[in-house]
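Biologist: Let us go through this structure term by term. I will ask what justifies each label.

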Amino acid sequence: MATSSHHPTGEPHDISAHLMEHAMGHLFSAALRTAAHHRVADHLGEGPRTVEQLAAATGTHAPHLRRVLRYLATRGIFREDAGGAFQLTPTAEALRTNAPQSLHPAVMMMTDDMFLQASAGMPEAVQHGGASFERLFGAPFFEHLLSDPTTRALFDSGMSSISGPVDEAVVAAYPFPETGTVVDVGGGRGGLLRDVLRRHPKLTGVLFDQAPPLADHLLDGDELKGRWRTEEGDFFISVPSGGDVYILKHILHDWSDDACRRILRACHAAMATGGRLLVVDSVLPAGNGPHFGKTLDVAMMAILDAQERTAEEFATLLGANGFRLTRVLPTAAYPSIVEAVAE
């Protein structure tokens with residue numbers, strides 16, 4: 001009979017091992033990056049393989065590779081069978097570079113040294129305020145991206161990778177109107193707008209962002225022909241007018257309340273009374289339970305001096321800038337849809 005590693009109260013039997021496991025969490029990120037870097041999942045796409053086979057295919061050291069994969073298997077990433085061969089799990093499947101919704105670019109972005117350094121600088125950020133990223137790299141994160149094309153490309157590909165499952169979940173969860181214009185503010189390469197227009201063939205759309213992501217947009221294709229346009233600009237200054245639904249997906253969580261007020265004022269100025277604004281972000285629940293938004297919240301603090309928010313915080317922020325929060329809709333992914341109406 002299996003025994004639990006925790007007391008009935010939820011406390012671990014071995015507090016030392018439990019705490020040290022968390023203290024060494026950076027090793028799990030490193031192991032995950034190692035598997036992604038060597039594209040181990042790609043070599044398991046046709047079935048289980050021994051470590052020796054994987055090492056030969058990836059040009060790695062078999063004994064070390066086995067230890068890394070064994071460690072990853074403890075958390076459901078890969079699985080070792082009784083014969084010592086490794087195979088894909090549903091989670092590891094998402095590491096394949098040719099998977100339909102591959103998260104390989106997202107893993108490579110999130111485990112990049114710039115983010116690891118920002119996380120390591122968290123004690124100073126908590127002591128002094130501000131983002132540890134800016135303290136370490138000498139510029140705010142988005143300014144750094146503008147000056148470093150390689151990092152910008154890593155960020156854009158990583159965010160596009162993360163966005164795929166979220167885009168599908170948002171389109172499935174929200175009742176978009178059958179006609180009108182959707183303006184995706186800071187919409188990146190346009191994955192969400194593409195999915196909205198595909199599902200609602202009478203809608204038109206505007207993809208609004210800076211030049212780098214717009215240059216690699218995803219809106220080409222006969223099924224969307226004539227129903228969209230791109231526009232370059234700065235959402236702190238103004239956004240395209242004339243839309244019926246405006247979307248801010250993963251935008252407000254990148255900024256402080258003061259910066260968000262500028263974005264929301266620009267949106268409000270472009271919208272007619274009664275126009276709808278959809279904020280797609282994590283909505284933090286109360287209590288001590290785990291939630292991916294709480295992880296993102298700490299990441300936003302270290303990298304951007306920004307934050308995730310509760311429903312009450314969204315209501316206050318929106319209400320102070322001309323909007324009334326009407327409802328919060330959960331999705332099948334980690335963010336929710338915060339719907340607001342322009343007053």
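Modeller: What follows takes some labels and sets each against its cut-off; the model is predicted.

Biologist: Start with Leu 252. Why is Leu 252 called buried?

Modeller: Buried requires under 20% relative accessible area. Leu 252 has 0%, so the label holds. This residue is found in the loop between strand E6 (245-249) and helix H14 (257-270).

Biologist: Which residues does Leu 252 touch, beyond those up to four places away in sequence?

Modeller: Contact needs heavy atoms within 4.5 Å. Cys 260, Ile 263, Leu 264, Val 279, Asp 281, Gln 307, Arg 309 and Phe 314 qualify.

Biologist: Now H14. How do you know that the span of H14 agrees with its number of residues?

Modeller: The rule is 1.5 Å times one less than the number of residues. For the 14 residues of H14 the expected span is 20 Å; the end C-alpha atoms are 20 Å apart, so the two agree.

Biologist: What puts the buried residues of H14 on the same side?

Modeller: The buried set is Ala 259, Cys 260, Ile 263, Leu 264, Ala 266, Cys 267 and Ala 270. They cover an arc of only 155° around the axis, so they share one side of H14. The face turned away from that side carries the exposed residues Asp 258 and Ala 269.

Biologist: What do the buried residues of H14 pack against?

Modeller: Their partners are E3, E6, E7, H16 and strand E8 (323-330).

Biologist: Two of the buried residues are cysteines, Cys 260 and Cys 267. Why is Cys 260 not counted in a disulfide?

Modeller: A disulfide needs two cysteine sulfur atoms within 2.5 Å. The structure holds 0 disulfides. For Cys 260, the nearest cysteine sulfur is that of Cys 267, 10 Å away. For Cys 267, the nearest is that of Cys 260, again 10 Å away. Against the 2.5 Å cut-off, neither qualifies. Cys 260 is buried at 0% relative accessible area. Cys 267 is buried at 0% too.

Biologist: Which residues have the most contacts inside the largest nonpolar core?

Modeller: That core has 29 residues, and those with the most contacts inside it are Val 185, Val 239, Leu 248, Leu 277, Leu 318 and Phe 323. H14 gives the most to this core, with 7 residues. Apart from it lies another core, of 23 residues, among them Ala 41, Leu 88, Ala 92 and Val 107.

Biologist: What is Val 239 in contact with, leaving aside neighbours within four places in sequence?

Modeller: Val 185, Phe 208, Tyr 246, Ala 266, Cys 267 and Ala 270.

Biologist: Turn to Thr 89. What makes Thr 89 buried?

Modeller: Its relative accessible area is 14%. The limit is under 20%, so Thr 89 passes. Thr 89 lies in the loop between strand E2 (86-87) and helix H5 (90-93).

Biologist: Which backbone oxygen lies 2.7 Å from a polar atom of the Thr 89 side chain?

Modeller: That of Gly 76. A polar contact allows N or O atoms within 3.5 Å, so 2.7 Å satisfies the distance.

Biologist: Last, helix H7 (residues 113-120). Which residues of H7 are buried?

Modeller: Met 114, Phe 115 and Ala 118. They cover an arc of only 95° around the axis, so they lie on the same side of H7. At the start of H7, a side-chain oxygen of Asp 112 reaches to within 3.1 Å of the backbone nitrogen of Met 114.

Terms used
Residues are numbered from 1 along each chain as its sequence is written. This is a predicted model: local features need pLDDT of at least 70, side-chain atom pairs count only at pLDDT 80 or more; totals for chains, interfaces and linings use all residues. Side-chain values use heavy atoms; hydrogens and water are left out. Buried means under 20% relative accessible area, exposed over 50%, partly exposed in between (1.4 Å probe, protein chains only). Helices (H or I, at least four residues) and strands (E, at least two) are DSSP runs, numbered from the N terminus. The arc is that of the directions from the helix axis to the C-beta atoms. A polar contact is a pair of N or O atoms within 3.5 Å; within protein, one must be able to donate a hydrogen and the other to accept it, and residues adjacent in sequence count only if both atoms are side-chain atoms. A nonpolar core is a set of buried Ala, Val, Leu, Ile, Met, Phe, Trp, Tyr and Cys residues joined through side-chain atoms within 4.5 Å.
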